[in-house]
Amino acid sequence: MKKKIKIILLIMMILVSIIIGINIYIKATEHTRESEYTGDNAIDRAIENVYTNNSFSKGYIRFADDLHEVKEDVVIDSRLGIMEYNDITYYKQLKYVEASDVGEKLDKRMLLLKDNAGEVEVEIYKILDISTELAVAVKRVDSESYYLFNNPSYAPKDMKKFMEAFGINKDTKVLEVNLYVSSEERYINYSGVPIDYILDNILNKSGDITNDAGCFMKTTGLTFGVSIRSLGERIVIRVTEDGNICVDGIFLQYAFEFDGGEDKISRAVDFVNYINDNYEGKLE
């Protein structure tokens, strides 16, 4: 009887050891799978793999011509400077808005000039596809030029609001996608990448703002730029080490970081591989 009990206990100990071993293996496998996309900057590792496993011709792609041409502020009335409208303070930019990008008239009012130089009558217009919380077009009644006034304090609550404010949609032009190879201190530039993939797999899956204005200090080598034609502005979008989205541009007073959403690091890694598999890169 005692011998049978010993045998049963031995079998039980063996079974327990097997179960523990299986659990350890599963956890180790899960950790390996997770570490493929997280920790130790998985996005930059994917970029290094792209560089190591492929050959690239040298060249530099110029994208400036894709931006909307905006005339310099040469004849604009320098006395126009600050405007209050709908409880928002707007500041005049050194840019015009093309008439074709001007929408409905929002208001007509007297605008105080700088240095107490009197007032001037102006009309305020919506800029097509651009939120009035971000910018408006202002025209003096005695002029045919539309001046760009923006709200540098604009801060969206999430990526959806940000995209709506800047009019980022399926018609937005992607200027370039850049992969920075840190080990070589060189860029791989890609052109012709459609906005659809970026919308479906990166931007539309991003969520709330994180309030981290220093996000540009923790970005990876994955960067792409989009053209906001009506503003004559380029928005730079960077992916951070933890898969969040960091955006900045001359038009913005601060950089904004948005949560990248579920599976954000794996989607960023997939994006790196997608552009390399489908588009020709030029090594700068």
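The questions and answers below walk through a predicted model, taking a helix, a sheet and a few single residues in turn.

Me: How many of the 11 residues of helix α2 are buried?
Reply: Helix α2 spans residues 42-52 and is mostly covered. Its buried residues include Ala42, Ile43 and Asp44 at one stretch of the list, and Val50 and Tyr51 are also among them. Counted over the helix, the number of buried residues is 8.

Me: Which strands and which helix are among the elements that cover the buried residues of α2?
Reply: The residues to be covered include Ala46, Ile47 and Glu48. Among what covers the buried residues of α2 is a helix, α5 (264-278). The strands included in that cover are β8 (173-181), β9 (186-190), β10 (219-228), β11 (233-240) and β14 (281-283).

Me: Which strands stand at the edges of the open sheet, and why is one side of each left without a neighbour?
Reply: The sheet is formed by 6 strands with antiparallel pairing, in the order β2-β3-β7-β6-β5-β4. Each edge strand has a single partner strand, so one side of it is left without a neighbour in the sheet. The strands at the edges are β2 (82-85) and β4 (102-112).

Me: What does the twist average from one strand to the next in this sheet?
Reply: The sheet in question is the open one that runs in the order β2-β3-β7-β6-β5-β4. From one of its strands to the next, the twist averages 40°.

Me: Over how many bridges do β4 and β5 pair?
Reply: Strand β5 covers residues 119-127, and its pairing with β4 is in the antiparallel sense. One pair of residues that stand opposite each other is Leu111 and Val120, the latter in β5. The pairing of β4 and β5 extends over 8 bridges.

Me: Is Asp129 buried or exposed, and what is its relative accessible area?
Reply: Asp129 is placed in the loop between β5 and β6 (135-140), and its phi is near 70°, a positive value in a residue other than glycine. Since exposed means over 50% relative accessible area, Asp129 counts as exposed, with a value of 56%.

Me: Where does Glu185 lie?
Reply: Glu185 has a positive phi of about 55° although it is not a glycine. Glu185 is also exposed, with a relative accessible area of 62%. Its place is the loop between β8 and β9.

Me: Which residue's side chain is joined to that of Asn189 by a polar contact of 3.1 Å?
Reply: Asn189 is found in strand β9, and at 2% relative accessibility Asn189 counts as buried. The polar contact of 3.1 Å runs from the side chain of Asn189 to that of Glu284.

Technical notes
Residues are numbered from 1 along each chain as its sequence is written. This is a predicted model: local features need pLDDT of at least 70, side-chain atom pairs count only at pLDDT 80 or more; totals for chains, interfaces and linings use all residues. Side-chain values use heavy atoms; hydrogens and water are left out. Buried means under 20% relative accessible area, exposed over 50%, partly exposed in between (1.4 Å probe, protein chains only). Helices (H or I, at least four residues) and strands (E, at least two) are DSSP runs, numbered from the N terminus. Contact means heavy atoms within 4.5 Å. Two strands pair if DSSP finds at least two bridges between them. Axes are lines fitted to C-alpha atoms, for helices over the stretch in contact, and angles run from 0 to 180 degrees between N-to-C directions. A polar contact is a pair of N or O atoms within 3.5 Å; within protein, one must be able to donate a hydrogen and the other to accept it, and residues adjacent in sequence count only if both atoms are side-chain atoms.
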